[in-house]
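Visitor: Got a minute to walk me through this one? I'd like to poke at a few spots and see what's there.

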Amino acid sequence: MRLPAPLIAALLIFPIAGSATARAVRHHARHGATRPVVVELYTAQGCADCPAANQLIIKLSDQPDVIALTFPVDYWDYLGWRDAWAKPEFSERQHAYMKAMKLRDVYTPQVVVDGRAQMSGLKSEEVAAAIKAAARVPEPRPQITMRSLSWAVVGGGRTSAGGADVWLVRYAPEIREVEVKTGENKGKQIREADVVRELVKLGPWRGASHAYKLPKVSDPALKSVILVQSAKTGRILASRRL
(Lines give C-alpha, C1' and ligand atoms only; values in the text may rest on other atoms or scores of the structure.)
Protein backbone atom coordinates (compact mmCIF):
# COMPACT_ATOMS: atom_id res chain seq x y z
CA MET A 1 0.00 0.00 0.00
CA ARG A 2 1.28 3.44 -0.86
CA LEU A 3 1.28 5.61 2.23
CA PRO A 4 -0.12 9.16 2.34
CA ALA A 5 1.72 12.08 0.82
CA PRO A 6 4.00 13.99 3.23
CA LEU A 7 2.20 16.30 5.59
CA ILE A 8 2.21 19.98 4.67
CA ALA A 9 1.70 22.31 7.61
CA ALA A 10 -1.91 23.41 7.86
CA LEU A 11 -0.90 26.97 8.62
CA LEU A 12 0.77 27.15 5.21
CA ILE A 13 -2.01 25.39 3.32
CA PHE A 14 -5.27 26.84 4.41
CA PRO A 15 -4.77 30.57 3.95
CA ILE A 16 -4.17 29.55 0.34
CA ALA A 17 -6.93 26.92 0.34
CA GLY A 18 -9.58 29.35 1.47
CA SER A 19 -8.85 31.88 -1.26
CA ALA A 20 -8.11 29.37 -4.01
CA THR A 21 -11.20 27.25 -3.52
CA ALA A 22 -13.37 30.35 -3.13
CA ARG A 23 -12.06 31.71 -6.45
CA ALA A 24 -12.84 28.39 -8.12
CA VAL A 25 -16.39 28.39 -6.79
CA ARG A 26 -16.96 32.02 -7.86
CA HIS A 27 -15.71 31.15 -11.35
CA HIS A 28 -18.13 28.20 -11.40
CA ALA A 29 -21.07 30.45 -10.49
CA ARG A 30 -20.17 33.15 -13.03
CA HIS A 31 -20.08 30.66 -15.87
CA GLY A 32 -23.57 29.35 -15.14
CA ALA A 33 -22.80 25.69 -14.46
CA THR A 34 -25.95 23.58 -14.51
CA ARG A 35 -24.96 21.44 -11.55
CA PRO A 36 -22.51 21.48 -8.66
CA VAL A 37 -19.03 19.99 -8.95
CA VAL A 38 -18.70 16.82 -6.86
CA VAL A 39 -15.63 16.76 -4.59
CA GLU A 40 -14.92 13.50 -2.77
CA LEU A 41 -12.38 13.18 0.03
CA TYR A 42 -11.02 9.77 1.00
CA THR A 43 -9.78 10.08 4.55
CA ALA A 44 -9.30 8.19 7.81
CA GLN A 45 -9.33 9.22 11.45
CA GLY A 46 -6.12 7.22 11.98
CA CYS A 47 -4.20 9.04 9.22
CA ALA A 48 -1.84 11.73 10.51
CA ASP A 49 -2.03 13.78 7.30
CA CYS A 50 -5.82 13.77 7.03
CA PRO A 51 -7.00 16.45 9.52
CA ALA A 52 -5.64 19.19 7.24
CA ALA A 53 -7.52 17.79 4.23
CA ASN A 54 -10.66 17.44 6.36
CA GLN A 55 -10.47 21.17 6.98
CA LEU A 56 -10.48 21.83 3.23
CA ILE A 57 -13.71 19.85 2.85
CA ILE A 58 -15.23 21.74 5.78
CA LYS A 59 -14.60 24.96 3.85
CA LEU A 60 -16.04 23.53 0.62
CA SER A 61 -19.12 22.13 2.34
CA ASP A 62 -20.54 25.65 2.67
CA GLN A 63 -20.30 26.35 -1.07
CA PRO A 64 -23.60 25.98 -3.00
CA ASP A 65 -21.84 25.07 -6.25
CA VAL A 66 -19.88 22.20 -4.73
CA ILE A 67 -21.13 18.88 -3.43
CA ALA A 68 -18.48 17.97 -0.86
CA LEU A 69 -18.52 14.37 0.36
CA THR A 70 -16.27 12.73 2.94
CA PHE A 71 -15.67 9.00 2.46
CA PRO A 72 -13.90 7.51 5.50
CA VAL A 73 -11.92 4.39 4.51
CA ASP A 74 -11.17 1.42 6.73
CA TYR A 75 -7.70 0.28 5.63
CA TRP A 76 -5.98 2.46 8.24
CA ASP A 77 -7.68 0.60 11.10
CA TYR A 78 -4.70 -1.76 11.43
CA LEU A 79 -2.67 1.04 13.05
CA GLY A 80 -4.72 0.73 16.21
CA TRP A 81 -7.69 3.08 15.77
CA ARG A 82 -10.93 1.83 14.25
CA ASP A 83 -12.43 4.72 12.25
CA ALA A 84 -15.87 5.49 13.66
CA TRP A 85 -17.44 6.23 10.26
CA ALA A 86 -15.48 4.06 7.82
CA LYS A 87 -17.14 1.39 5.70
CA PRO A 88 -15.54 -1.18 3.38
CA GLU A 89 -17.71 -0.04 0.45
CA PHE A 90 -16.05 3.39 0.66
CA SER A 91 -12.64 1.76 0.31
CA GLU A 92 -14.00 -0.25 -2.62
CA ARG A 93 -15.14 2.96 -4.31
CA GLN A 94 -11.67 4.44 -3.91
CA HIS A 95 -10.12 1.28 -5.36
CA ALA A 96 -12.45 1.60 -8.37
CA TYR A 97 -11.06 5.10 -8.96
CA MET A 98 -7.54 3.72 -8.63
CA LYS A 99 -8.19 1.24 -11.44
CA ALA A 100 -10.03 3.71 -13.66
CA MET A 101 -7.30 6.34 -13.27
CA LYS A 102 -4.51 3.75 -13.56
CA LEU A 103 -2.93 4.64 -10.22
CA ARG A 104 -0.48 2.36 -8.47
CA ASP A 105 -2.43 2.23 -5.21
CA VAL A 106 -4.88 4.05 -2.97
CA TYR A 107 -3.78 6.63 -0.42
CA THR A 108 -5.12 9.20 2.02
CA PRO A 109 -5.94 12.01 2.00
CA GLN A 110 -7.05 11.75 -1.63
CA VAL A 111 -9.47 14.13 -3.35
CA VAL A 112 -11.40 13.13 -6.47
CA VAL A 113 -13.11 15.95 -8.39
CA ASP A 114 -16.12 14.99 -10.54
CA GLY A 115 -14.57 11.56 -11.07
CA ARG A 116 -12.23 13.25 -13.56
CA ALA A 117 -9.14 14.22 -11.62
CA GLN A 118 -7.46 13.18 -8.40
CA MET A 119 -4.85 14.77 -6.18
CA SER A 120 -3.64 14.85 -2.60
CA GLY A 121 -6.08 16.54 -0.25
CA LEU A 122 -3.12 18.62 0.93
CA LYS A 123 -2.64 20.24 -2.50
CA SER A 124 -5.24 22.97 -2.20
CA GLU A 125 -4.25 24.80 -5.38
CA GLU A 126 -4.65 21.61 -7.42
CA VAL A 127 -8.06 21.01 -5.87
CA ALA A 128 -9.11 24.56 -6.78
CA ALA A 129 -7.86 24.16 -10.36
CA ALA A 130 -9.70 20.85 -10.75
CA ILE A 131 -12.96 22.41 -9.53
CA LYS A 132 -12.55 25.24 -12.03
CA ALA A 133 -11.81 22.80 -14.87
CA ALA A 134 -14.81 20.62 -14.02
CA ALA A 135 -17.08 23.66 -14.02
CA ARG A 136 -16.04 24.43 -17.61
CA VAL A 137 -16.88 21.00 -19.04
CA PRO A 138 -19.37 21.73 -21.86
CA GLU A 139 -20.78 18.26 -22.47
CA PRO A 140 -24.58 17.84 -22.11
CA ARG A 141 -25.77 16.12 -18.98
CA PRO A 142 -28.92 14.07 -18.35
CA GLN A 143 -31.51 15.72 -16.13
CA ILE A 144 -32.29 14.15 -12.75
CA THR A 145 -35.83 14.71 -11.49
CA MET A 146 -37.98 13.33 -8.69
CA ARG A 147 -41.19 11.46 -9.52
CA SER A 148 -42.04 11.29 -5.82
CA LEU A 149 -40.14 11.03 -2.55
CA SER A 150 -39.35 7.43 -3.44
CA TRP A 151 -38.45 7.61 -7.15
CA ALA A 152 -35.66 9.41 -9.01
CA VAL A 153 -35.72 9.71 -12.78
CA VAL A 154 -32.60 10.08 -14.93
CA GLY A 155 -33.64 11.56 -18.28
CA GLY A 156 -32.41 10.57 -21.69
CA GLY A 157 -29.03 11.71 -22.93
CA ARG A 158 -25.64 10.74 -24.22
CA THR A 159 -23.80 8.24 -22.10
CA SER A 160 -20.19 7.12 -22.12
CA ALA A 161 -18.77 3.93 -23.61
CA GLY A 162 -19.71 1.06 -21.36
CA GLY A 163 -22.73 2.90 -19.99
CA ALA A 164 -23.13 4.45 -16.57
CA ASP A 165 -24.27 3.61 -13.06
CA VAL A 166 -26.68 5.55 -10.88
CA TRP A 167 -25.65 5.97 -7.24
CA LEU A 168 -27.48 7.18 -4.17
CA VAL A 169 -25.24 8.83 -1.59
CA ARG A 170 -26.60 9.74 1.84
CA TYR A 171 -24.51 11.89 4.12
CA ALA A 172 -24.68 13.74 7.44
CA PRO A 173 -24.96 17.49 6.63
CA GLU A 174 -22.92 18.63 9.61
CA ILE A 175 -19.46 18.69 11.10
CA ARG A 176 -18.84 15.55 13.13
CA GLU A 177 -16.16 15.29 15.79
CA VAL A 178 -14.53 12.29 17.40
CA GLU A 179 -11.62 11.99 19.81
CA VAL A 180 -9.00 9.54 18.61
CA LYS A 181 -7.58 7.53 21.52
CA THR A 182 -4.94 5.36 19.81
CA GLY A 183 -2.75 5.35 16.72
CA GLU A 184 -1.11 8.22 14.83
CA ASN A 185 -3.72 10.80 15.87
CA LYS A 186 -3.93 9.77 19.51
CA GLY A 187 -5.32 12.59 21.65
CA LYS A 188 -6.58 14.63 18.69
CA GLN A 189 -10.14 15.78 18.07
CA ILE A 190 -10.91 14.91 14.44
CA ARG A 191 -13.46 17.09 12.62
CA GLU A 192 -15.12 15.92 9.39
CA ALA A 193 -17.86 17.50 7.27
CA ASP A 194 -20.60 15.84 5.18
CA VAL A 195 -19.59 12.32 6.16
CA VAL A 196 -21.15 9.69 3.91
CA ARG A 197 -23.19 7.09 5.76
CA GLU A 198 -24.86 5.19 2.91
CA LEU A 199 -23.72 4.36 -0.63
CA VAL A 200 -26.17 2.43 -2.81
CA LYS A 201 -25.91 1.53 -6.49
CA LEU A 202 -29.45 2.02 -7.84
CA GLY A 203 -28.79 0.45 -11.22
CA PRO A 204 -27.37 1.00 -14.70
CA TRP A 205 -28.18 3.88 -17.04
CA ARG A 206 -27.79 3.32 -20.78
CA GLY A 207 -28.93 6.66 -22.16
CA ALA A 208 -32.72 6.23 -22.10
CA SER A 209 -34.91 7.85 -19.46
CA HIS A 210 -35.26 5.52 -16.49
CA ALA A 211 -36.80 5.65 -13.01
CA TYR A 212 -35.01 4.30 -9.94
CA LYS A 213 -36.62 3.24 -6.68
CA LEU A 214 -34.94 4.83 -3.67
CA PRO A 215 -34.42 2.70 -0.56
CA LYS A 216 -36.11 3.74 2.65
CA VAL A 217 -34.25 6.41 4.61
CA SER A 218 -32.65 4.91 7.70
CA ASP A 219 -32.01 8.29 9.33
CA PRO A 220 -34.20 11.30 8.45
CA ALA A 221 -31.35 13.65 9.38
CA LEU A 222 -29.30 12.46 6.40
CA LYS A 223 -29.28 14.32 3.08
CA SER A 224 -29.14 12.60 -0.29
CA VAL A 225 -27.36 13.05 -3.61
CA ILE A 226 -27.91 11.19 -6.88
CA LEU A 227 -24.84 10.61 -9.06
CA VAL A 228 -24.79 9.33 -12.64
CA GLN A 229 -21.30 8.00 -13.18
CA SER A 230 -19.48 6.38 -16.08
CA ALA A 231 -19.05 2.70 -15.33
CA LYS A 232 -15.72 2.62 -17.18
CA THR A 233 -13.96 5.88 -16.40
CA GLY A 234 -15.64 6.95 -13.16
CA ARG A 235 -16.49 10.39 -14.55
CA ILE A 236 -19.60 11.93 -13.05
CA LEU A 237 -22.06 12.70 -15.83
CA ALA A 238 -24.81 14.24 -13.68
CA SER A 239 -25.58 14.96 -10.05
CA ARG A 240 -28.42 16.33 -7.98
CA ARG A 241 -29.07 17.03 -4.33
CA LEU A 242 -32.44 15.64 -3.25
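Visitor: What joins the side chains of R176 and E174?

Guide: A polar contact of 2.9 Å joins them. Keep in mind that this is a predicted model, and the distance is computed from it.

Visitor: Where does R176 sit, then?

Guide: R176 is part of strand 7.

Visitor: Buried or exposed?

Guide: R176 counts as buried, because its relative accessible area is 17% and the cut-off for buried is under 20%.

Visitor: Which residues does R176 touch, leaving aside its neighbours within four places in sequence?

Guide: R176 is in contact with W85, I190, R191, E192 and R197 once those neighbours are set aside.

Visitor: What about N54, which residues does that one touch if you skip anything up to four places away in sequence?

Guide: N54 touches L41, T43, I190, R191 and E192 on that count. I190, R191 and E192 turn up in the contacts of N54 and in those of R176.

Visitor: OK, and which helix is N54 in?

Guide: Helix 2, which covers residues 50-60. N54 is buried there, with a relative accessible area of 2%.

Visitor: How many of the 11 residues of helix 2 are buried?

Guide: Eight of the 11, so helix 2 is largely enclosed by the rest of the structure. The buried ones are C50, A52, A53, N54, L56, I57, I58 and L60.

Visitor: What sits in the loop between strand 1 and helix 2?

Guide: A48 is one residue placed there. A48 is partly exposed, with a relative accessible area of 27%. The C-alpha atoms of A48 and K186 are separated by 9.4 Å, although the two residues are 138 residues apart along the chain.

Visitor: Switching topic: pockets. How much space lies in the largest pocket?

Guide: About 270 Å³. The pocket has 16 lining residues, and the closest to its centre are R93, A96, D165, W167 and Q229.

Visitor: Which element gives the largest share of that lining?

Guide: Helix 3, with six residues. Helix 3 (88-100), strand 7 (164-179), strand 8 (189-205) and strand 10 (223-230) each supply at least two residues of the lining.

Visitor: And how does the lining of the largest pocket split by class?

Guide: There are six nonpolar, four polar and six charged residues in the lining.

Visitor: Now backbone oddities. Which bond joins T108 and P109?

Guide: T108 and P109 are joined by a cis peptide bond, with omega at about -5 degrees. P109 lies in the loop between helix 3 and strand 3.

Visitor: What's phi like at K102?

Guide: Phi of K102 is near 60 degrees, a positive value in a residue other than glycine. K102 is also placed in the loop between helix 3 and strand 3. K102 counts as exposed because its relative accessibility is 74% and exposed means over 50%.

Visitor: And what about phi of D194?

Guide: D194 has a positive phi too, about 50 degrees, and it is not a glycine. D194 is in strand 8, and D194 is buried, with a relative accessible area of 9%.

Visitor: One more spot. Where does W151 lie?

Guide: In strand 6, residues 151-154. W151 counts as partly exposed, at 30% relative accessibility.

Visitor: Which residues does W151 touch, not counting those up to four places away in sequence?

Guide: W151 touches T145, M146, A211, Y212, K213 and L214. W151 and P215 are 9.2 Å apart in space, C-alpha to C-alpha, and 64 residues apart in sequence.

Visitor: Zooming out, how many helices and strands are in the chain?

Guide: Four helices and 11 strands. The chain has 242 residues, and buried ones make up 52% of them.

Visitor: What share of the contacts with a separation of 6 or more comes from residues 24 or more positions apart?

Guide: Those account for 71%.

Visitor: Last one: what does the accessible surface of the chain come to?

Guide: About 11200 Å², and 54% of that belongs to carbon and sulfur atoms.

Technical notes:
Residues are numbered from 1 along each chain as its sequence is written. This is a predicted model: local features need pLDDT of at least 70, side-chain atom pairs count only at pLDDT 80 or more; totals for chains, interfaces and linings use all residues. Side-chain values use heavy atoms; hydrogens and water are left out. Buried means under 20% relative accessible area, exposed over 50%, partly exposed in between (1.4 Å probe, protein chains only). Contact means heavy atoms within 4.5 Å. Accessible areas come from the Shrake-Rupley method with a 1.4 Å probe; for residues, only the protein chains shown count as cover. On a 1 Å grid over the protein atoms alone, a cavity is a set of points where a 1.4 Å probe fits but cannot get out, and a pocket is an open set with protein on both sides within 12 Å along at least five of seven lines; lining residues have an atom within 4 Å of a point. Grid points are joined across faces, edges and corners, and a volume is the space filled by probe spheres set on the points. Ala, Val, Leu, Ile, Met, Phe, Trp, Tyr, Cys and Pro count as nonpolar, Asp, Glu, Lys and Arg as charged, and the others, Gly among them, as polar. A polar contact is a pair of N or O atoms within 3.5 Å; within protein, one must be able to donate a hydrogen and the other to accept it, and residues adjacent in sequence count only if both atoms are side-chain atoms.
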